[in-house]
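Here's a quick briefing to read alongside the model. Take a look at the structure first, then work through the points below.

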Amino acid sequence: MTVARLTTQHFRNLSPKTIDFNPALNFFVGDNGSGKSSLLEALFYLGHGKSFRTSKTDSLVRYEQKEFVVSVKDGRGSQLGLSRDTTSGTTIIKIDGERHARLSELAKNIAIQIVTPESFKLFFGGPKERRRFTDLGMFHVKHNFSSQWKNFSRVLKQRNACIRNKADDVTLAYWTEQFCQHSVIVAEERSVYIASLIEELKVWLSILLPTISDKVTVQYLQGWSQKRLLSDVLAANQDRELSFGYSLYGAHKFDVKFLLDKQAIETQLSRGQQKLFLLALTFAQAKLIAKVNRVKPILLIDDIGAELDIKSRTALSSAIEFLNCQVIITAIEESVLQPFIESNNSNEYKVFHVKHGEVISI
Ligand SMILES: Nc1ncnc2c1ncn2[C@@H]1O[C@H](COP(=O)(O)OP(=O)(O)OP(=O)(O)O)[C@@H](O)[C@H]1O
Ligand SMILES: [Mg+2]
């Protein structure tokens, strides 16, 4: 889907408002604290059922209010809506007027990816964000993955409970065998996905970081030694797992490492280059999602001016044109949008001003 219209009520500092989007490019310009990130947060919330800034959903409700509502209409008239009542702690999800119980239902309809000034630090800072990123792509690209992951998670939970409660040998052996089977299924599926992501990444690096694109390599670490069977690794580490109280190896411990001349990317690239690298990766993933044709990806880029010079923004503008998906960008200064505006016809984008939570199309 593309977002044709967004309506928010009592979400952060945003004034209750309906905003009509361009199907291609949208820019939101405003001062610090005007509400730009809040607007992206509202869209992100609909795609993920959570914020990219906080785990406390109730802090999204406008001060002194008790409930927020966010809804979007897509280009074909389909509607997704979500409301959160902090008094009763209830969340209501509606898709085309029908109520749904699970937030994950929202994600089936909309594939929202975001890059913020902080995201490259998180992404290169530890495996958690890289796992989240990869699994989001897998969820949209590999249709079986959601059930494979659910089965794996259930078994992981059972096995962890066995370890924690020091279950008898027969019970632990049963769950360990199940755990190995499901780990292998998930790890193989991921390895196929990551191979396609690496292929696609090359295309986007050649646009966004042409000087380094040939020197980049990617390592997929499946969560245990590639050379050994998981069952052997677990048998050799049984005492350690018992003392830690959970599963130390398996598909949940996977990672993806990015290297430049065999050194970790984050130790070799500048901040701006790291951001471009993450954008290239995000574009690669968006392209894979778009190819599957189940949902259209929507890309949010918060504070485009941060870290990126004019040359980088010009390259980014070409990449966006090539990506051909809906992109929503925020900026503090309108002047940073120059390369994007110059290369597009005025009917291919929309500019909005954001002031004290008020959004005005110009
Ligand atoms: N629950 C809330 N209710 C009302 N206002 C809020 C709430 N949470 C945050 N705010 C305020 O909303 C304003 C907008 O924040 P937001 O992060 O969206 O600004 P921004 O335009 O992205 O600014 P910057 O350019 O600094 O990133 C801030 O002044 C913030 O204090
Ligand atoms: Mg912001």
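How many bridges pair strand β5 with strand β6, and in which sense? Strand β5 (residues 79-85) and strand β6 (residues 90-95) share six bridges, and the sense is antiparallel. Keep in mind that this is a predicted model. The rest of the sheet, the ligand shell and the two domains follow.

**The sheet**
- Reading across, the order is β2-β1-β4-β5-β6-β7: six strands in an open sheet with antiparallel pairing.
- At the edges sit β2 (17-20) and β7 (98-100), each with a pairing on one side only.
- Going from one strand to the next, the twist averages 15°.

**Strand β4 and its neighbours**
- On one flank, β4 is joined to strand β1 (residues 3-9) by six bridges, and the two run antiparallel.
- Within that pairing, glutamine 9 has valine 69 of β4 as its bridge partner.
- On the other side of the story, β4 and β5 are held in antiparallel pairing over seven bridges.
- Here valine 72 sits opposite leucine 80 of β5.
- The β4 and β5 hairpin has four residues between the strands, and glycine 77 there adopts a positive phi near 95°.
- Side chains along β4 (residues 67-74) alternate: Phe68, Val70, Val72 and Asp74 point to one face and are buried.
- Glu67, Val69, Ser71 and Lys73 point to the other face and are not buried.

**Back to β5 and β6**
- For a residue-level landmark, find serine 83, which stands opposite isoleucine 92 in β6.

**Around ligand 1**
- The shell around ligand 1 has 16 residues, and the closest are Asn13, Asn32, Gly33, Ser37 and Ser38.
- Polar residues account for nine of the shell, with four charged and three nonpolar.
- Helix α1 (residues 36-48) gives the most to this shell, with three residues.

**Two domains and where they meet**
- The domain assignment splits the protein into domain 1 (1-110 + 295-362) and domain 2 (126-293).
- Their C-alpha centres are 29 Å apart.
- Contact between them involves 16 residues of domain 1 and 16 residues of domain 2.
- On the side of domain 1 that touches domain 2, β12 (297-301) and α11 (310-323) each supply at least two residues.
- α11 has the largest share of that side, at seven residues.
- By class, the side of domain 1 that touches domain 2 has 11 nonpolar residues, plus three charged and two polar.

Conventions:
Residues are numbered from 1 along each chain as its sequence is written. Chains are lettered from A and ligands numbered from 1 in the order in which they are written. This is a predicted model: local features need pLDDT of at least 70, side-chain atom pairs count only at pLDDT 80 or more; totals for chains, interfaces and linings use all residues. A residue is near a molecule or strand if its C-beta atom, placed from the backbone, lies within 6 Å of it. Ala, Val, Leu, Ile, Met, Phe, Trp, Tyr, Cys and Pro count as nonpolar, Asp, Glu, Lys and Arg as charged, and the others, Gly among them, as polar. Two strands pair if DSSP finds at least two bridges between them. Axes are lines fitted to C-alpha atoms, for helices over the stretch in contact, and angles run from 0 to 180 degrees between N-to-C directions. Domain bounds come from an automatic or database domain assignment. Two residues are in contact if their C-beta atoms, placed from the backbone, lie within 7 Å. A residue is buried if 20 or more other C-beta atoms lie within 10 Å of its own, exposed if 12 or fewer, and partly exposed in between; C-beta atoms are placed from the backbone.
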